[in-house]
Amino acid sequence: MSRRRAHDTEDEGYDHRRNKRRRVSENQEIEDRLESLILRVGERSTSSVESNLEGLVSVLEADLGTFRLKILRILSDCAVRMPEKCTVYTTLVGLLNAKNYKFGGEFVDHMVKTFKESLKLCRWDAARYSLRFLADLVNCHVISATSLLQLLDTMIDVSNEDTVPQVRRDWFVFAVLSTLPWVGRDLYEKKESALESLLLRIEVYLNKRSKKHHNALRVWSSDAPHPQEEYLDCLWAQIRKLRQDNWAEKHIPRPYLVFDSILCEALQHNLPQIIPPPHHDAFEYPMPWVVYRMFDYTDCPDGPNLPGAHSIERFLIEEHLHHIIETHHYERKDCAAQLLNFPFKHKIPLEYCIVEVIFAELFHMPTPRYLDICYGSILIELCKLQPGTLPQVLAQATEILFMRIDSMNTSCFDRFVNWFSYHLSNFKFTWSWDEWDSCLLLEAEHPRPKFIQEVLQKCLRLSYHQRITEMMPTTYAKLIPLTPVPNYKYANEEAANLPGTTVAHQLVVAIRQKCTPEEVVNILKEIPSSGYSGEEMSDGSFNALKIDVFVQTLLNLGSKSFSHSFAAISKFHAVFRALAETEEAQICILHNIFELWSSHQQMMVVLIDKLLKLQIVDCSAVATWIFSKEMTGEFTKMYLWEILHLTIKKMNKHVIKLNTELSDAKDKLSKADSSSSDSDEDTPHKRKKPITHADKPSEEVVERMEEKLEAANVNQKRLFLIVFQRFIMILSEHLLRSDTDGRDPDTDWYRWTIGRLQQVFLMHHEQVQKYSSTLETLLFTSDLDTHILEVFQQFVALRA
């Protein structure tokens with residue numbers, strides 16, 4: 001029997017646990033230190049990048065035995081998440097490979113796995129950065145040039161696939177082309193004929209691909225002064241120019257050149273055969289885009305020259321700036337600081353490059369990556385950080401945009417209005433308006449006066465009417481918005497002659513005395529059921545006068561603020577629902593809101609949004625109202641389309657929500673069934689957590705959810721059919737009338753309207769895509785005017 005006391009044994013166990021904890025803690029500290037060292041390598045410090053790399057290689061080499069997997073994971077993460085430091089990390093891997101061939105092989109395998117996984121999961125940017133990293137490893141003598149060329153050839157093979165979307169083939173070609181600036185020189189020196197063969201295959205593909213989508217994505221319809229180039233065409237022109245220059249570029253830092261004597265002695269690895277995953281209908285590929293150009297070297301004053309549109313440096317600078325915005329867009333101050341700390345800022349006119357890239361993001365078609373306000377806030381921070389130069393460059397850019405606004409895409413026109421009004425509101429609404437007064441001689445529907453009018457409407461939302469009046473020169477009086485006050489017809493001079501005045505006055509008294517919805521209904525019963533002649537919008541299925549009196553009176557009483565209006569609508573929600581039983585009645589409600597608030601666009605937008613949320617009006621009623629004859633005078637105003645888009649978005653969100661709920665319910669049902677069938681086979685310690693009866697939806701519930709989703713899909717399809725049918729009707733009527741009268745159909749009204757049609761397609765492309773075959777069968781048929789049909793065909797080509 002052991003003579004050791006019980007507490008001695010316990011102490012030993014305690015020491016063992018404590019030592020284990022200490023080891024785990026020490027390991028964690030070392031891992032964190034390694035991660036920090038790897039992440040910060042190559043950043044600005046007192047020592048050079050080369051000496052940083054040498055020091056880090058020594059540290060990592062010592063820890064490879066214990067922390068091999070951790071180091072592999074961190075390095076492959078850096079390759080994907082920090083593409084701007086690609087060459088720093090490839091040099092690091094090259095130096096480690098020169099010292100430890102086995103680790104080099106493991107890293108290549110890990111990187112290949114990351115690349116394949118990214119392709120499989122449709123992480124296209126991650127896949128492209130992984131490919132770039134593998135290519136740059138050729139420069140560091142880690143991977144053989146032959147095996148890289150085999151991989152690039154395999155990727156170009158995708159361009160010959162049949163029955164796959166063009167966007168898939170495009171992406172694989174783009175991935176290869178965007179990799180060549182890093183490795184082109186090395187391939188040119190070692191495998192010139194194989195490289196030329198690869199480029200020839202790319203050229204053949206580019207010459208035969210369709211560019212039907214091009215016009216839908218242009219910011220300007222005119223190519224003067226800068227051509228609106230499709231992204232693959234532009235990159236191909238840049239690669240051709242790079243080939244003419246013998247693959248010599250001036251932008252990519254190449255720290256591995258210093259270590260050439262060490263790296264060239266290393267053994268190289270061959271990439272395994274990598275077959276891209278086959279196309280699947282569920283795969284979503286990046287959509288094509290048009291390269292945005294605003295400046296050329298003539299716009300920039302003394303200082304470094306702006307690289308030419310077809311120089312590879314322009315592509316590399318722009319890609320780097322776009323990536324900085326992507327990485328830091330949540331923090332506007334960090335984003336602005338990072339943009340201004342661009343590594344090669346002394347070699348380029350940085351402010352011009354930044355402004356051009358931010359507007360490229362803002363005007364990106366079909367939709368920008370982030371909210372309009374994101375770009376506006378970054379530009380404000382840039383002006384604060386660089387007050388000596390950036391505001392002037394931004395003013396120059398605004399001038400260029402205004403001068404070229406005649407040919408600007410309608411969606412971009414809206415974004416320009418939103419950005420400029422927001423920017424003015426942050427700089428005391430100061431602008432040299434006198435320089436733009438030539439636009440006052442133009443027709444009201446012309447884009448220039450229209451732009452100023454819409455900017456002032458947006459400024460009104462961000463300020464108040466008197467401020468807008470004071471900030472504008474008197475010459476602009478006709479463009480200044482009306483004072484935003486309600487026009488309550490039952491208080492006007494002619495009110496005595498209106499049939500509903502007496503009841504309206506009774507209603508005012510009752511509501512001020514805090515009456516109930518039931519009392520309001522009783523007061524409205526005093527209006528005869530026939531309403532009043534000429535105002536009925538159906539065969540007597542609703543009473544127009546009741547709606548008129550109730551809506552105008554209630555909303556006039558709640559006109560003090562949005563909150564007062566919302567409270568009034570919520571309190572009398574039941575009365576609204578009783579009056580708005582049919583679509584015609586709902587349209588009558590909307591028309592009364594317009595009559596009351598025609599001088600206050602923002603109030604109309606928020607009230608209609610509220611009515612949609614409370615399901616007082618249906619989405620289809622709003623769409624029909626927008627295209628009604630009563631709204632003809634408002635048809636080219638931005639706020640009306642703001643209402644249409646928020647209506648469509650509301651419907652889309654509803655469908656997505658029902659879809660998600662149904663999918664979750666089906667998952668729970670299948671899990672509950674599988675867990676109950678498996679429960680007998682499971683041993684007690686392996687038994688899964690049982691799904692309770694409360695968690696499991698019944699089959700009847702799932703069926704009801706399916707029915708609701710089906711009904712929502714029908715409503716969504718109906719909404720799009722109403723919108724597109726109305727567009728076709730008014731555009732066809734205009735074209736026919738112009739043809740009959742012998743007039744040019746290309747008027748300002750026509751350009752706004754065709755632009756709005758295009759905007760609906762592009763803003764809601766994901767949802768409209770589901771119904772493209774229905775639209776083609778029912779509406780966009782071959783006998784339609786080619787001008788209208790082209791808009792639909794361009795939209796379909798985006799994902800063709």
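A contact here means heavy atoms within 4.5 Å. With that in hand, a tour of the structure can begin. The model is predicted, so local features need pLDDT of at least 70 and side-chain atom pairs count only at pLDDT 80 or more, while totals for chains, interfaces and linings use all residues. Residues are numbered from 1 along each chain as its sequence is written, and side-chain values use heavy atoms, with hydrogens and water left out.

The mean pLDDT (the predictor's confidence in each residue, from 0 to 100) is 90 for the protein, with 92% of residues at 70 or more. Over residues 1–7 the pLDDT falls below 50, and this stretch has two contacts beyond near neighbours in sequence. Where pLDDT is low, predicted coordinates should not be read in detail.

The protein contains 32 helices and zero strands; these are DSSP runs numbered from the N terminus, helices being H or I of at least four residues and strands E of at least two. Its C-alpha atoms fill a box of roughly 100 × 85 × 55 Å along the principal axes.

Turning to the interior, the largest nonpolar core (buried Ala, Val, Leu, Ile, Met, Phe, Trp, Tyr and Cys joined through side-chain atoms within 4.5 Å; buried means under 20% relative accessible area with a 1.4 Å probe, protein chains only) has 174 residues. Helix 27 (residues 638–678) gives the most to this core, with 14 residues. Ile452 is one of the members touching the most others; beyond four places in sequence, Ile452 contacts residues including Phe402, Trp433 and Met472. Another core, of 89 residues, lies apart and includes Leu92 and Tyr256.

Notes
Buried means under 20% relative accessible area, exposed over 50%, partly exposed in between (1.4 Å probe, protein chains only).
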